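Dear colleague,

Please find the structure below, followed by an account of what was found in it. I have kept the cut-offs beside the terms they belong to.

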Amino acid sequence: MVDECSPSSTRPARPLHLTVDVYEQLKDKITPNGFTLERAIQSGVDNPDSGVGLYAGDEECYSVFGPLFDAVIEDYHGGYKPSDKHVSDLDAAKLKGTVDPEGKYVLSTRIRVGRNIRGLGLSPGCSRAQRREVESLVTKGLANLKGDLAGKYFPLNGMSEADRKQLVADHFLFKKGDRFLESAGANRDWPEGRGIFHNNEKTFLVWVNEEDQMRIISMQSGGDAKQVFERLVRGISAIEEQVKAAGREFAHNDHLGYIHSCPTNCGTGMRASVHVQLPKVGAHPNFKKWCAKLRLQPRGIHGEHSESDGGVYDLSNKERLGKSEVQLVQTMIDGVNTLIAAEKALA
Ligand code: ADP
Ligand code: CIR
């Protein structure tokens, strides 16, 4: 059932999925890991300006609270139905073209995916012991990576404030979760169990125990999305091998793809972004409309909920579920090139 929230001055009307019926049906249910409906909706209750307002504390939330998660997923992911199947495709050779071939507009390209390990709680619902187990398992695996993927793990606990700030300013490291993640319970015991792994060049990075247990990231200067994707795919596969060697597996199913704490990330968990200079297009009153039409999500250059700086925007694929990784990187490449053409036309 879908009703309309009453419009307020601070937020647009949008479908309400937590109806009285759904609440009554789910309010006393609990997952095997002990996660409740109350905890899943806490972020949305505390933050009425949430875009989604729902988090999973474990993989089972998606089935135990299915009537709510299914409705939110169908709404966010463009009509994705409970019977739909998600197909992954990580073949970098299929990508066509590159972003900004003239090299005039794109400053850098970054592609990240999220991964979580089956049986260990997601960030809003994991125990302290589970979080430590994730850190130990993941960092042991990362220590075995070879070649250009080899690097070092830097725990947040004990990192100097100057180093931390520099890594954040250089777009490599996450900040403490925002008010949405705080209410969701994802910041508990901060900074314990969290950290960042990176190779020497800082082109391959893994965030440990942030919003998801792992955020696997490939990034570099310029617009060679194919090279960034190719490195990411090798990284994912090397990490999966390590996870399997430890007798574990990624949380995944044929319907939701890779399971994430936020239902917006299910499927590929992938965000392929560029930092791109578009001062004229970005200032145009139709900018957001154009992005929506091109299936792009604009962000500021200091991460989600930040503002643009000097006409530079973070543009990425908006969708993550029901389309493959290759399709979504291609959406980003094609959409950004369209906006670069518009920028030239406005000049
Ligand atoms: P996520 O992509 O992991 O959902 P954020 O939007 O918060 O999270 O971005 C995390 C960090 O990555 C921020 O510092 C952001 O500026 C940086 N970032 C995102 N895209 C790019 C890019 N194309 N080039 C350089 N840094 C980027
Ligand atoms: C919201 O509902 O607005 C926040 N919980 C964030 C939703 C987007 N999810 C995300 O960036 N992972």
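**Buried residues with positive phi**

Asp100 is buried, with a relative accessible area of 6%, where buried means under 20% relative accessible area, exposed over 50% and partly exposed in between, with a 1.4 Å probe and protein chains only. This is a predicted model, in which local features need pLDDT of at least 70 and side-chain atom pairs count only at pLDDT 80 or more, while totals for chains, interfaces and linings use all residues. Residues are numbered from 1 along each chain as its sequence is written, chains are lettered from A and ligands numbered from 1 in the order in which they are written, and side-chain values use heavy atoms, with hydrogens and water left out.

Asp100 lies in the loop between helix H4 (66-76) and strand S3 (106-115), and its phi is near 50 degrees, a positive value in a residue other than glycine. Helices (H or I, at least four residues) and strands (E, at least two) are DSSP runs, numbered from the N terminus. Asn209, which is found in the loop between strand S6 (204-208) and S7, has a phi near 60 degrees, again positive in a residue other than glycine, and counts as buried at 5% relative accessibility.

In the loop between helix H7 (179-184) and strand S5 (195-199) lies Pro191, and the peptide bond that leads to Pro191 from Trp190 is cis, with omega near 5 degrees.

**The two ligands**

Ligand 1 is surrounded by 18 residues, of which Ser108, Arg110, Ser273, Arg299 and Ile301 are the closest; a residue belongs to such a shell if one of its heavy atoms lies within 4 Å of the molecule. For polar contacts (pairs of N or O atoms within 3.5 Å; within protein, one must be able to donate a hydrogen and the other to accept it, and residues adjacent in sequence count only if both atoms are side-chain atoms), a polar side-chain atom of Ser108 lies 2.6 Å from a nitrogen atom of ligand 1, and one of Asp314 lies 3.4 Å from a nitrogen atom of ligand 1. An N or O atom in the side chain of Arg215 is 3.2 Å from an oxygen atom of ligand 1. The protein covers 91% of the 550 Å² of accessible area that ligand 1 has on its own, by the Shrake-Rupley method with a 1.4 Å probe, where for residues only the protein chains shown count as cover.

The residues around ligand 2 include Ser50, Gly51, Tyr55, Glu211, Thr264 and Asn265. A polar backbone atom of Gly51 is 2.7 Å from an oxygen atom of ligand 2, while polar side-chain atoms of Thr264 and Asn265 lie 3.2 Å and 3.3 Å from a nitrogen atom of ligand 2. Of the 330 Å² of accessible area that ligand 2 has on its own, the protein covers 91%.

**Nonpolar cores**

A nonpolar core is a set of buried Ala, Val, Leu, Ile, Met, Phe, Trp, Tyr and Cys residues joined through side-chain atoms within 4.5 Å. The largest has 52 residues, and those touching the most other members are Phe229, Ile239, Val276, Leu315, Val329 and Val336. Helix H8 (residues 225-245) gives the largest share of this core, nine residues. Apart from this core lies another, of 22 residues, among them Ala40, Ala56, Tyr62 and Leu122.

With best regards
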